[in-house]
Amino acid sequence: MVRSPLSRIMGLSNLICSAKDNNDELQVMLEYMLSSANELDEIIKNITNKTLVANYPVDKLI
């Protein structure tokens, strides 16, 4: 779940770094990268919210 958008961001970063002055292709890759970053942000927010709601006893964590 978390790996998919992260893998896309990493792959797109490599493509952008090796792209040859094609502004249209770069624009598309940057849009995909932004979409994946937003997806990853939502997944992380959901994980954070679930851990806050879990309410684990403190003495069990140590």
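Helix axes whose N-to-C directions differ by an angle over 145 degrees count as roughly antiparallel. This cut-off is applied to a helix pair in the legends below, which describe a predicted model.

**Figure 1. Overall fold of the predicted chain, an arrangement of helices without strands.** The protein chain contains 3 helices and 0 strands. Read along the sequence, the order of elements is α-α-α. Of the 62 residues in the chain, 13% are buried.

**Figure 2. Close-up of helix α2, residues 23-54.** The helix comprises 32 residues, and at 1.5 Å a residue an expected span of 46 Å follows. The C-alpha atoms at the two ends of α2 are 46 Å apart, and the computed distance therefore agrees with the expectation. Along this helix, the buried residues are Met-29, Met-33, Ser-36, Leu-40 and Ile-43. The cover over these buried positions includes α1, residues 3-18.

**Figure 3. Close-up of the packing of α1 against α2.** The two helices pack at an angle of about 155°, and their axes lie 9 Å apart. Because this angle is over 145 degrees, α1 and α2 are roughly antiparallel to each other. Their crossing is left-handed. By class, the contact between α1 and α2 has 14 nonpolar, 2 polar and 2 charged residues. On the α1 side, the contributing residues are Pro-5, Leu-6, Arg-8, Ile-9, Leu-12, Ser-13, Leu-15 and Ile-16. On the α2 side, they are Leu-26, Met-29, Leu-30, Tyr-32, Met-33, Ser-36, Ala-37, Glu-39, Leu-40 and Ile-43.

**Figure 4. Close-up of Pro-5 in helix α1.** Pro-5 has a relative accessibility of 0% and therefore counts as buried, the limit being under 20%. Leaving aside residues up to four places away in sequence, Pro-5 touches Ser-36, Glu-39, Leu-40 and Ile-43. Each of these four partners belongs to the α2 side of the helix contact. The C-alpha atoms of Pro-5 and Glu-39 are separated by 6.6 Å, although the two residues are 34 residues apart along the chain.

**Figure 5. Close-up of Ser-36 in helix α2.** Ser-36 has a relative accessibility of 3%, which is why this residue also counts as buried. With residues up to four places away in sequence not counted, Ser-36 touches Pro-5, Arg-8 and Ile-9. These three partners belong to the α1 side of the helix contact. Pro-5, shown in the preceding view, likewise has Ser-36 among the residues that Pro-5 touches.

Key. Residues are numbered from 1 along each chain as its sequence is written. This is a predicted model: local features need pLDDT of at least 70, side-chain atom pairs count only at pLDDT 80 or more; totals for chains, interfaces and linings use all residues. Side-chain values use heavy atoms; hydrogens and water are left out. The expected span of a helix is 1.5 Å times one less than its number of residues. Buried means under 20% relative accessible area, exposed over 50%, partly exposed in between (1.4 Å probe, protein chains only). Contact means heavy atoms within 4.5 Å. Axes are lines fitted to C-alpha atoms, for helices over the stretch in contact, and angles run from 0 to 180 degrees between N-to-C directions. Angles under 35 degrees count as roughly parallel, over 145 as roughly antiparallel, 65 to 115 as roughly perpendicular and the rest as oblique. A crossing is left-handed if the near helix is turned anticlockwise from the far one by less than a right angle, and right-handed if clockwise. Ala, Val, Leu, Ile, Met, Phe, Trp, Tyr, Cys and Pro count as nonpolar, Asp, Glu, Lys and Arg as charged, and the others, Gly among them, as polar.
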